[in-house]
Amino acid sequence: MAISDVKEFAHLTDADVEAIGREFDAIRADVEERRGQSDADYIRSLITWQRRLTVAARATLFGSRVPALWAAGTAMLSVAKILENMEIGHNVMHGQWDWMNDPEIHSSTWEWDNVCPAEQWRHSHNYLHHTYTNVIGKDKDVGYEILRVRADQPWHPVYLGQPVWNVLLMLLFEHGVSLHDLDVEGLLKLSVDDPAEFRRKLRDVGRKHARQMRKDYVLFPLLTGRAFVPTLAANATANVVRNVWSYAIIFCGHFPDGAEVFTEEELDDETRGEWYLRQLLGSANFGGNRLMHVMSGSLGYQIEHHLFPNLPSNRYPEIAVTVREVCDKYDLPYTTGPFPRQFWQATRSIWRLSLPARGIREREHRRERRGLRRRPARTEAA
């Protein structure tokens with residue numbers, strides 16, 4: 001069930017929480033002090049290789065009437081789009097590279113290859129999601145306003161179609177994200193807070209959609225002449241591959257067993273240490289080699305990302321070592337597992353919660369399945 005007090009849930013004293021906050025602040029300060037040329041070289045090199053891959057894919061698709069060239073061009077374009085959205089766009093727009101003072105690689109100027117306007121994404125994701133992570137009623141990422149992903153969310157007959165909505169969200173993920181900063185719930189209830197702002201944002205979404213559609217489904221196919229139709233199909237396939245991959249990565253970090261949710265009461269007088277605890281308890285990692293993590297935008301380190309969203313993503317592997325040491329020191333759970341298992345757990349929950357199940361005690365069930373060890377409450381003297 002949703003947590004209203006992270007200190008009580010984790011059996012920590014006020015002194016523990018303050019100490020955890022200081023330790024995580026120290027991790028941040030250490031990385032900020034040491035970041036430098038190697039980090040700048042990493043992101044610049046990645047952008048260069050991603051753009052080269054895009055050019056190679058577009059060039060190959062001039063021969064897309066040949067099945068082998070179509071397959072090769074589509075595969076390269078899919079990888080290029082994933083890299084641009086995940087490890088590059090997502091992390092650049094988080095401000096992870098703003099310290100470089102490079103106007104071309106800055107959160108305020110980057111516009112990604114996606115139908116969601118960057119300005120709106122920065123508000124809905126950087127501010128709303130990362131400030132109110134997994135707080136029911138505040139964080140729109142809890143179910144994306146169309147899915148019931150926690151037993152605490154009231155059930156409605158519309159959720160019976162949830163398995164279908166989930167597949168559609170997966171295939172059209174960029175389009176779902178593009179609506180994320182709009183007051184969709186207010187629109188459905190005819191109670192939009194600021195109609196003028198809603199219309200402005202909707203116009204921006206429409207313009208971005210039109211731009212992306214022209215690029216992928218008109219301009220580049222036209223450039224290939226007689227290969228128009230297979231090139232259009234290749235672009236559509238690459239976008240779907242990118243959507244499915246992005247969906248899977250993000251859901252693995254937020255909805256598997258062990259990723260907790262919180263009530264709005266938890267936000268009352270929340271301290272810095274409590275914020276860190278909420279990020280830790282509300283996120284989940286998955287394993288993989290370095291290539292897997294680069295392709296996933298380093299979100300296999302979702303815990304580290306939520307603790308330090310604006311630190312360079314290439315630093316997450318080393319940060320993870322220290323974060324686990326803090327978790328071990330205070331007997332805090334560090335939720336991680338293989339990618340297939342995390343994805344299955346998230347999908348299973350979505351299927352199960354489409355039904356009006358009663359008496360579900362998700363936290364207790366997760367503890368039983370995962371065998372998490374909780375220590376007795378500590379006294380201040382301890």
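pLDDT is the predictor's confidence in each residue, from 0 to 100. This is a predicted model, in which local features need pLDDT of at least 70, side-chain atom pairs count only at pLDDT 80 or more, and totals for chains, interfaces and linings use all residues. Residues are numbered from 1 along each chain as its sequence is written, and side-chain values use heavy atoms, with hydrogens and water left out.

**Exercise 1. Find the stretch where pLDDT stays under 50.**

Step 1. Start with the chain. Its average pLDDT is 89, and 91% of the residues score at least 70.

Step 2. Go to residues 359–382. There pLDDT stays under 50. The model has 54 contacts for this stretch beyond four places in sequence. A contact means heavy atoms within 4.5 Å.

**Exercise 2. Place Asp257 and name its side-chain partner in a polar contact.**

Step 1. Locate the residue. Asp257 sits in the loop between α10 (228–254) and α11 (272–281). Helices are DSSP runs (H or I, at least four residues), numbered from the N terminus.

Step 2. Check burial. Asp257 is buried, because its relative accessible area is 4%. Buried means under 20%, exposed over 50%, partly exposed in between (1.4 Å probe, protein chains only).

Step 3. Find the partner. The side chains of Asp257 and Arg348 make a polar contact of 2.6 Å. Such a contact is a pair of N or O atoms within 3.5 Å; within protein, one must be able to donate a hydrogen and the other to accept it, and residues adjacent in sequence count only if both atoms are side-chain atoms.

**Exercise 3. Describe the surroundings of Gln212.**

Step 1. Gln212 belongs to helix α9 (residues 195–223).

Step 2. Gln212 counts as buried, because its relative accessibility is 4%.

Step 3. Leave aside neighbours within four places in sequence. Gln212 then contacts Trp112, Asp113, Asn114 and Val115.

Step 4. Compare Arg199. Gln212 and Arg199 are 13 residues apart in sequence, and their C-alpha atoms are 20 Å apart in space.

**Exercise 4. Which residues other than glycine have a positive phi near 55°, and are they buried or exposed?**

Step 1. Recall the background. Most residues other than glycine have a negative phi.

Step 2. Take Asn101. Its phi is positive, about 55°. Asn101 lies in the loop between α4 and α5. Asn101 counts as exposed, because its relative accessibility is 64%.

Step 3. Take Asp331. Its phi is positive too, near 55°. Asp331 lies in the loop between α14 (316–329) and α15 (339–352). Asp331 counts as partly exposed, because its relative accessibility is 23%.

Conventions:
Helix = DSSP H or I, 4+ residues; strand = E, 2+ residues; numbered from the N terminus.
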